[in-house]
Amino acid sequence: MSKLSIPNTFTPERKALFLEVLADTCSPGRAAQAAGIARSTAFYHKTNDLEFAAAWGKAVDQALDAVLEESYRRAVIGVDEPVIWQGAISKDDEGKPLTVKKHSDRLLEVLMKWRYGDQLADKLKVSVEETGLSAEGLLAMPSEDRATLVALLAKYSANRPKQETDDEA
């Protein structure tokens, strides 16, 4: 076992540094490297020290909160991207780069599924229950494919022979 892997080398100062880097990066490997310990040492303490395990969880939550904030910014607020024309950044009369606000529809969709996944799944389940499709499978599809499938299923349902629908009732 290397000296870095010995559990008692994880001093309070190293723990604090580990947790600080973990909160910034959400990476136990990077945090262990910054603290000068083996990754296994950190996991050993996470398993055997309830206080450290709780602090680890808070650090990860802090890192994921930052990811959520950045996701929201990119999806809803948008980011300024330079306007490129003929391979060069376009500039205004004062020489400042021109920008256009871009939003991420895909990221917004992911945020909506994360926040309202159960509600979206329930609505899909009601509409696809009789087809044998699963809501989870539909949610995993790209939205364009899902819309196409829903449109095709609606056409199929509208064109089913009357006898076939009566037999199933």
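## A helical chain with salt bridges and an aromatic cluster

Arg-73 and Glu-70 sit 3 residues apart in helix H4, which separates them by about one helical turn. A salt bridge joins the two side chains, with the closest N and O atoms 2.6 Å apart. These details come from a predicted model.

**Around Glu-70 and Arg-73**

How exposed are the two partners? Arg-73 is partly exposed, at a relative accessible area of 32%. Glu-70 is partly exposed as well, with a value of 27%. The pair does not stand alone. Arg-74 joins Glu-70 and Arg-73 in a network of salt bridges.

**Overall layout**

The protein chain has 169 residues, and 24% of them are buried. It contains 8 helices and 4 strands. What order do the elements follow from the N terminus? They run α-α-α-α-β-β-β-β-α-α-α-α. Thus the strands follow one another, with helices before and after them.

Contacts with a separation of 6 or more give a view of the fold. Of these, 44% link residues 24 or more positions apart. The accessible surface of the chain is about 12,300 Å². Carbon and sulfur atoms account for 55% of that surface.

**Salt bridges**

How many salt bridges does a search of the whole structure find? The count is 7. The table lists some of them.

| Residues | Closest N to O distance |
|---|---|
| Arg-73 and Glu-70 | 2.6 Å |
| Lys-113 and Glu-109 | 3.1 Å |
| Arg-106 and Glu-109 | 3.4 Å |

Glu-109 takes part in a salt bridge with Arg-106 and in another with Lys-113. Both links stay inside helix H5. Arg-106 lies 3 residues from Glu-109, which puts about one helical turn between them. Lys-113 lies 4 residues from Glu-109, again about one turn of the helix.

Is Glu-109 buried or exposed? Glu-109 is buried, because its relative accessible area is 17% and the cut-off for buried is under 20%. Glu-70, at 27%, is partly exposed.

**The nonpolar core**

Now to the interior. The largest nonpolar core holds 15 residues. Which residues have the most contacts inside it? They are Phe-18, Leu-19, Leu-22, Ile-37, Phe-52 and Trp-56. Helix H1 (12-25), helix H2 (28-35) and helix H4 are the elements that each give two or more residues to this core. H1 supplies the largest share, with 5 residues.

**Aromatic pairs and the cluster**

A pair of aromatic rings is described by the distance of the centres and the angle of the planes. The structure holds 6 such pairs. One of them joins Phe-10 and Phe-52: the ring centres are 5.3 Å apart and the planes stand at 85°, so the pair is edge-to-face. This contact spans distant parts of the chain. Phe-10 lies in the segment before H1, while Phe-52 lies in helix H4, 42 residues apart. Both of these residues are buried.

Phe-52 also pairs with Trp-56. Here the centres are 5.8 Å apart, and the planes meet at 90°, again edge-to-face. Phe-52 and Trp-56 are 4 residues apart in helix H4, about one helical turn.

Why does Phe-52 count as buried? Its relative accessible area is 3%, and the cut-off is under 20%. Trp-56 is buried too, with a relative accessible area of 5%.

The pairs belong to a wider group. Phe-10, Phe-18, Phe-43, Phe-52 and Trp-56 make up one aromatic cluster. Phe-18, Phe-52 and Trp-56 also appear among the core residues with the most contacts.

**A nonpolar patch on the surface**

Nonpolar side chains also reach the outside. Tyr-72, Val-76, Ile-77, Leu-108, Met-112 and Tyr-116 form a nonpolar surface patch of about 520 Å². Which elements give two or more residues to the patch? They are helix H4 (50-77) and helix H5 (105-128).

Leu-108 is one of the patch residues and belongs to helix H5. How exposed is Leu-108? Leu-108 is partly exposed, because its relative accessible area is 32%. A patch residue needs over 30% relative accessible area.

**Helix H4 in brief**

Helix H4 ties several of these features together. Helix H4 gives residues to the nonpolar core and to the surface patch. Helix H4 also holds the salt-bridge partners Arg-73 and Glu-70 and the aromatic partners Phe-52 and Trp-56.

How values were computed. Residues are numbered from 1 along each chain as its sequence is written. This is a predicted model: local features need pLDDT of at least 70, side-chain atom pairs count only at pLDDT 80 or more; totals for chains, interfaces and linings use all residues. Side-chain values use heavy atoms; hydrogens and water are left out. Patches are made of residues with over 30% relative accessible area and no salt bridge: like charges are joined within 9 Å, nonpolar side chains (Val, Leu, Ile, Met, Phe, Trp, Tyr) within 5 Å. Accessible areas come from the Shrake-Rupley method with a 1.4 Å probe; for residues, only the protein chains shown count as cover. A salt bridge is a side-chain nitrogen of Lys or Arg within 4 Å of a carboxyl oxygen of Asp or Glu. Buried means under 20% relative accessible area, exposed over 50%, partly exposed in between (1.4 Å probe, protein chains only). A nonpolar core is a set of buried Ala, Val, Leu, Ile, Met, Phe, Trp, Tyr and Cys residues joined through side-chain atoms within 4.5 Å. Rings of Phe, Tyr and Trp (its six-membered ring) pair if their centres lie within 6.5 Å; planes under 30 degrees apart count as stacked, over 60 as edge-to-face and the rest as tilted. Contact means heavy atoms within 4.5 Å.
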